[in-house]
Amino acid sequence: MRRAGLVLAAMMMCAGCDAAPPHVAAQRFGFGRPATAAEIRALDIGIMPDGTGLPAGSATAADGAPVYAAKCVACHGASGEGTPVAPRLVGRIPRDAFPFAQSLALQDTKTIGNYWPYATTIFDYVRRAMPQNHPGSLTDHEVYALTAWLLWKNDIVKADAVIDARTLPAVQMPARHRFVRDDREASTRVR
Amino acid sequence: MTTSLSRRSLLGRLLAGATGALATMAFGRHDMPLQGAMPAVPPDPTKVPGGPTSVLGARSAFESPERILFATASKTPLQDLHGTVTPSDLHYERHHGGVPGIDPERYTLLVHGMVERPTVFTLADLKRFPAVTRTHFLECSGNFTPNAPENITPQELCGMTSQTEWTGVPLATLFREIGADPAATWFLAEGEDAAVLARSIPVSKAWDDAMIAYAQNGEALRPCNGYPARLLLPGWEGNTNVKWLRRIELASEPFMTREETSKYTEALKNGTARQFSFVIDARSIITNPCYPERVQPGWIEFRGLAWSGRGRIATVDVSVDEGATWQRATLETPVQTKAHTRFRYLWRWDGREATVLSRATDETGYVQPTVRELVEARGPGAGPYHLNPITGWRLKPDGRVLFRTEPWA
C-alpha cells in the first residue's frame with residue numbers, strides 16, 4: 001500500500017516534467033494494441049537467475065562436446081581458452097582468488113568459472129547471441145548441452161551432471177558472492 | 001525544365017563527389033602533410049556564377065571530419081567539432097552484433113511482464129504520444145585509453161562520447177499507458193540486433209527521465225544509433241541505452257544478462273565486483289588545442305567539453321602549471337543537465353613549456369579525479385569501465401602540442 005502510494009506520487013511528479021499536462025496524465029491515450037500470447041511467447045527469451053524463462057529439455061557435458069566442436073571452437077579455441085577474436089570462457093584461479101583489480105592485463109582472464117555470477121546467464125546469452133556467424137540458430141537442447149559443457153570445463157559441475165530448468169538455477173557460481181551494487185552516487189568521493 | 005534542373009543537380013553532385021574524394025585523400029590522416037591535391041575553386045568566386053541548389057547539403061569539400069573505426073566501435077572527432085551538438089553522422093558507435101536493417105513499417109515494440117495491459121506499439125504509435133525533446137550526452141563507459149602515448153588525439157583517447165538533441169516519448173508515459181505494476185522494480189530492455197542485446201534497468205529511471213527516442217538532431221535516428229527507436233537513459237552508460245528497442249519486460253528482479261555481469265562491471269581492490277554501475281561520473285577534456293595541432297606564443301583560447309551523468313556541470317577549472325594552481329573556465333550557457341557543456345579558458349602563452357589540465361565539478365559536488373585518485377580508490381585493474389581522470393596537454397617551445405602521458409599504475 002505504501003509502495004503504491006509512492007509510485008503514484010512519482011507518476012504525478014513526472015506528469016509535471018514530461019509533455020503530458022496534468023489533466024491528461026490520469027487518462028490513457030489508447031495507442032498501441034493488445035499483445036497476443038503468441039506474440040509474447042515468440043519474443044520472451046529472457047532467463048532470470050531463479051530459472052524463470054528456461055524451456056523444457058536437458059543435457060549433459062557429453063552432449064555439449066560435439067556442439068562446441070562444431071559451432072564454437074573456431075572463435076573460442078579448442079578448450080574455451082579464447083582467441084584474438086573471442087574471449088576466454090574456461091579457467092579457474094587457484095582458491096578462487098579474485099585478482100582482477102590488480103591489473104588491467106587481467107581483463108582477458110575473466111572466465112565463466114572465475115567471474116560469471118549466475119549460471120542462468122550462460123543459457124540466456126548463448127541462446128540469444130551465439131554463434132556469432134549464425135546468431136539465434138541453436139536449439140534449446142544445444143544450448144542446454146553447451147551450458148553443461150561450459151560448466152563442466154570450468155570445474156563447476158560434474159561431467160555427468162544433467163542441466164535443465166530445475167538444476168541450472170541451483171548451480172552455485174564461484175564468484176557469486178563477489179558482486180555488489182553500485183554505491184558511487186551515495187557520495188561525492190571517488191569510488 | 002524539370003529535367004534540365006535535375007541534370008544540373010546531378011552534375012553538381014558528381015562534381016561535389018569528385019572533389020570530396022580528393023579532399024578525403026588530402027585530409028585522410030592527421031599525420032599526413034596537408035599539401036597536395038585541394039578542391040578546385042575559382043580564383044575569385046564573385047566573378048563566376050555559383051553552384052546549384054541541392055537536395056542534400058554536403059559538407060564543404062575542404063572539411064572532412066570523420067569517425068575512426070574499430071572492429072565494433074567508431075569514435076567521434078571531438079577535436080574537429082564546435083559547440084556541444086555532435087553531427088548525427090559523427091556520433092560514436094558501439095555495437096555488439098553489427099547494425100541491423102529494420103523496416104520502420106514492420107517495426108514493433110512489445111511491452112509486457114508485470115503490466116496490466118501487455119501492448120504492441122508501432123513506430124507510428126510511439127510518435128502519437130506527447131513528445132519531448134532534450135539534449136543529452138551519450139557515452140560508452142569504456143571510454144578511456146590508459147597509458148596513452150603523447151601522440152594521441154581527443155578522438156582516439158575518449159571519442160566514444162557524443163551529444164544529441166533527442167526527441168521521443170517519455171518512458172513514464174508508456175508505463176502509465178500499459179499500467180505498470182507498482183511491484184515491478186526492474187525492466188529488461190532488449191534490442192533487435194544480432195546480439196539481441198539486453199540490459200536490466202531500474203523502473204525508477206523510467207519515472208525519472210528515460211525516454212524512447214526516435215529522432216536525433218531533428219530527423220530520424222541514424223541506423224547505427226538505433227533506428228527506428230532506442231532507449232535513452234540520460235546520464236547512464238551507453239550500453240544501457242539499448243538501440244533498436246524491440247521489447248521491454250517489467251519484472252521484480254534484474255535478469256542478470258551477460259552485459260551486466262561478465263561485462264560492464266568493475267572488479268575493485270576490496271575483492272568485490274561493482275554491478276549496475278549506471279551513472280557516468282563527471283569528466284572534462286580540453287579538445288583544442290590538442291595533438292597534432294601547433295600553437296604560437298600569444299593568446300590561446302583553450303576549449304573543451306565537460307559533462308556529468310549526475311546532473312549539470314557546476315564549474316570547470318583549468319591549470320596551466322600541471323595542477324599547482326587552478327583558474328575558473330567560462331561555461332557556455334545554457335548549461336544543461338546530463339549534457340556536454342562547452343568551456344573556454346583564455347590564456348597568454350609566453351612560449352615556454354607548459355602543461356594544461358582541465359577538471360570538472362558537477363552540481364552534486366563530485367570533482368573529476370586524477371589517475372592516482374582513481375587507482376587508489378579502485379585498484380589499478382578496475383577497468384576498463386568508468387575511467388574519467390583529469391587529462392591535459394603539454395605545449396612545447398617549438399609549438400607542438402602533446403598529450404600529457406601518465407602511467408596508469
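## An open sheet in chain B

Four strands of chain B line up as an open sheet in the order β16-β17-β21-β20, with antiparallel pairing. The edges belong to β16 (283–288) and β20 (330–331) of chain B; each has a single partner strand, so one side of each is left without a neighbour in the sheet. Keep in mind that this is a predicted model.

Inside that sheet, strand β17 (residues 298–307) of chain B and strand β21 (residues 341–349) of chain B run antiparallel and are joined by nine bridges. If you want a spot to click on, B:G304 sits opposite B:F343 in β21(B). As for side chains in general, they alternate between the two faces of the sheet in a regular strand.

## More strand pairing, and a look at B:L395

Another set of strands in chain B is linked through β22. Strand β18 (residues 313–319) of chain B pairs with strand β22 (residues 354–362) of chain B in the antiparallel sense, over six bridges, and B:V318 is found opposite B:S358 in β22(B). β22(B) is also joined to strand β23 (residues 392–395) of chain B, by four bridges and again antiparallel. There, B:T355 faces B:R394 in β23(B).

Strand β23 of chain B also holds B:L395. Is B:L395 buried or exposed? The cut-off for buried is 20 or more other C-beta atoms within 10 Å, and B:L395 has 24 C-beta neighbours inside 10 Å, so it counts as buried. Setting aside neighbours within four places in sequence, B:L395 is in contact with B:V295, B:W349, B:E353, B:A354, B:V356 and B:V401. For a link across the sequence, take B:P289: it is 106 residues away from B:L395 along the chain, and their C-alpha atoms are separated by 9.1 Å.

## Chain B as a whole

Zooming out, chain B comes with six helices and 24 strands. Its C-alpha atoms fill a box of roughly 70 × 70 × 35 Å along the principal axes. A compact globule of 409 residues would have a radius of gyration near 22 Å, and chain B has 23 Å, which agrees. Of those 409 residues, 48% count as buried. Among contacts in chain B between residues at least 6 apart in sequence, 71% join residues at least 24 apart.

How sure is the predictor here? Chain B has a mean pLDDT of 92, with 91% of its residues reaching 70 or more. Among its elements, strand β12 (residues 230–232) of chain B has the highest mean pLDDT (99), while helix α1 (residues 2–27) of chain B has the lowest (37). Over residues 1–34 of chain B pLDDT stays under 50, and for that stretch the model has 30 contacts beyond four places in sequence.

## Chain A and its helix α7

Chain A has seven helices and four strands, and along the sequence they follow the pattern α-α-β-α-β-α-α-α-α-β-β. Of its 191 residues, 36% count as buried. Take the contacts in chain A with a separation of 6 or more, and residues 24 or more positions apart account for 58% of them.

Helix α7 (residues 140–153) of chain A passes a quick geometry check: at 1.5 Å a residue its 14 residues should span 20 Å, and the end C-alpha atoms are 20 Å apart, which agrees. Since 12 of the 14 residues of α7(A) are buried, the helix is largely enclosed by the rest of the structure. The buried residues include A:Y144, A:W149 and A:W152. What does the covering? Among the elements that cover the buried residues of α7(A) are β2 (58–59), α4 (61–71), α6 (120–129) and β3 (163–164) of chain A. Just after α7(A), A:D155 takes a positive phi of about 60°.

## Where the chains meet

For the complex, the predictor gives an ipTM of 0.89 and a pTM of 0.90. The contact draws 53 residues from chain A and 66 residues from chain B. On the side of chain A that touches chain B, α1 (2–17), β1 (33–34), α3 (37–43), α6 and β4 (179–181) of chain A each supply at least two residues. By class, that side of chain A has 31 nonpolar, eight polar and 14 charged residues.

Strand pairing crosses the interface too: two bridges join β1(A) to strand β5 (residues 119–122) of chain B, and the strands run antiparallel. In this pairing, the bridge partner of A:P34 in β5(B) is B:T119.

Key
Residues numbered from 1 in each chain as written. Chains lettered and ligands numbered in written order. Predicted model: local features only at pLDDT ≥ 70, side-chain atom pairs only at ≥ 80, totals over all residues. Expected span 1.5 Å × (residues − 1). Contact = placed C-beta atoms within 7 Å. pLDDT = per-residue confidence, 0-100. Nonpolar A, V, L, I, M, F, W, Y, C, P; charged D, E, K, R; others polar. Pairing = 2+ DSSP bridges. Rg over C-alpha atoms; globule rule 2.2 N^0.38 Å.
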